[in-house]
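Reader: I should be grateful for a close look at a single helix of this chain, set in the context of the fold around it. Please explain the reasoning behind each assignment where there is any to give.

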Amino acid sequence: MGIQEAKQVSASDVGDGIRPATIEDMPRLMEYARRFHEQSCQPFPFDEDATARMGEIMIEAPQSTIIIGEAGMIGGALCPAYCAPDWVQAVELFWWAEKGGIALLKAFEDWAQEVGASEVRMTTLAALERADRLLRGLSYEPAEISYRKVL
C-alpha cells in the first residue's frame, strides 16, 4: 500500500484503551503535548495554536496518525526513503506516556504494518538512556544520530 492509499487503523484494531485519536480528543492531546514539552526541556516555547493545527492535520491525513491512550500518545507520519520511494518509513514524531508507553508503541507498529510501511523510525531525547534500552530490547537498532545547534 502506498503513502497516498494509507488509512487510519480502526479503533477496534487496538486494545487497552489505546485507539486512533479523533478531533474530539484534542483537549487531552493538547494537555499531553504541554506536559511532554515541559518535561523534554526544549529550547523553544510551546505554541498552542501551532500544536493544535499540527494535531488536527495528523488526525485527518491518511498518511499520518496520532494514537492516544489513557496516559499518553504517539504520533507519526509516512515518508518514503529519499533514494528508494518504495521503501516507506513510518517516522515517529512524538511519543510521550506516563504509563502504557510500550502498548502505544506496539499500536504505532501495528498501524505502520497495516498501511504498508517498510520500517518504523523512532527518536528519543539524547538524555533518555532508558528509552535507548527499551527500544533495543524491542529489536530496534540505532539508525542515525541527530545533532542540533540552537542559533
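Author: What follows describes helix α1 and then the parts of the chain that bear on its surroundings. The model is a predicted one.

The setting comes first. The protein chain contains four helices and five strands, and along the sequence these follow the order β-α-α-β-β-β-α-β-α. Of the 151 residues in the chain, 36% are buried. Among contacts between residues at least 6 apart in sequence, 61% join residues at least 24 apart. The accessible surface of the chain comes to about 9,500 Å², and carbon and sulfur atoms account for 54% of it.

Helix α1 covers residues 26-40. Its 15 residues should span 21 Å at 1.5 Å a residue, and the C-alpha atoms at its ends are 20 Å apart, which agrees. Seven names make up the buried set of α1: Met 26, Leu 29, Met 30, Tyr 32, Ala 33, His 37 and Ser 40. These residues lie on the same side of α1, because they cover an arc of only 160 degrees around the axis. The spacing has a simple background: an α-helix has 3.6 residues a turn, so residues three or four places apart point the same way.

The other side of α1 carries the exposed residues Pro 27, Glu 38 and Gln 39. Gln 39, which is placed in helix α1, counts as exposed because its relative accessibility is 51%, and the cut-off for that class is over 50%. In space, the C-alpha atom of Gln 39 is 9.7 Å from that of Trp 96, although 57 residues separate the two in sequence.

The buried residues of α1 have several packing partners: α2 (48-60), β2 (64-69), β3 (72-81) and β4 (84-97). Just after the helix, Cys 41 takes a positive phi of about 55 degrees. Most residues other than glycine have a negative phi. Cys 41 has its positive value although it is a residue other than glycine. It belongs to the loop between α1 and α2, and its relative accessible area of 63% is the reason why Cys 41 is classed as exposed. A second case of this kind is Ser 139, with a positive phi near 75 degrees in a residue other than glycine. Ser 139 sits in the segment after α4 and counts as exposed at 69% relative accessibility.

Helix α3 offers a parallel to α1. It has 14 residues and reaches 20 Å from its first C-alpha to its last, close to the 20 Å expected at 1.5 Å a residue. The buried residues of α3 are Gly 101, Leu 104, Leu 105, Ala 107, Phe 108, Trp 111 and Ala 112. They too share one side of their helix, because their arc around the axis is only 160 degrees. The buried residues of α3 pack against β2, β3, β4, β5 and α4. Gly 116 follows α3 and has a positive phi, near 90 degrees.

In the loop between α3 and β5 lies Ala 117, which counts as buried because its relative accessibility is 19%, where buried means under 20%. Leaving aside neighbours within four places in sequence, Ala 117 is in contact with Leu 78, Val 88, Ala 90 and Ala 112. From Ala 117 to Trp 87 the C-alpha distance is 7.3 Å, with their positions 30 residues apart in sequence.

Strand β4, one of the partners of α1, holds Gln 89. This residue counts as buried at 14% relative accessibility. Not counting residues up to four places away in sequence, Gln 89 touches Ala 77, Leu 78, Cys 79, Ala 81, Glu 119 and Arg 121.

Finally, α1 also takes part in the largest pocket, whose volume is about 1,900 Å³. Of the 48 residues that line this pocket, Met 122, Thr 123, Thr 124, Leu 125 and Leu 135 are the closest to its centre. At least two lining residues come from each of α1, β3, β4, α3 (101-114), β5 (119-121) and α4 (129-137). Strand β4 gives the most to the lining, with eight residues. Helix α1 thus has a buried side that packs against α2, β2, β3 and β4, exposed residues on its other side, and a share in the lining of the largest pocket.

Technical notes
Residues are numbered from 1 along each chain as its sequence is written. This is a predicted model: local features need pLDDT of at least 70, side-chain atom pairs count only at pLDDT 80 or more; totals for chains, interfaces and linings use all residues. Side-chain values use heavy atoms; hydrogens and water are left out. The expected span of a helix is 1.5 Å times one less than its number of residues. Buried means under 20% relative accessible area, exposed over 50%, partly exposed in between (1.4 Å probe, protein chains only). The arc is that of the directions from the helix axis to the C-beta atoms. Contact means heavy atoms within 4.5 Å. Accessible areas come from the Shrake-Rupley method with a 1.4 Å probe; for residues, only the protein chains shown count as cover. On a 1 Å grid over the protein atoms alone, a cavity is a set of points where a 1.4 Å probe fits but cannot get out, and a pocket is an open set with protein on both sides within 12 Å along at least five of seven lines; lining residues have an atom within 4 Å of a point. Grid points are joined across faces, edges and corners, and a volume is the space filled by probe spheres set on the points.
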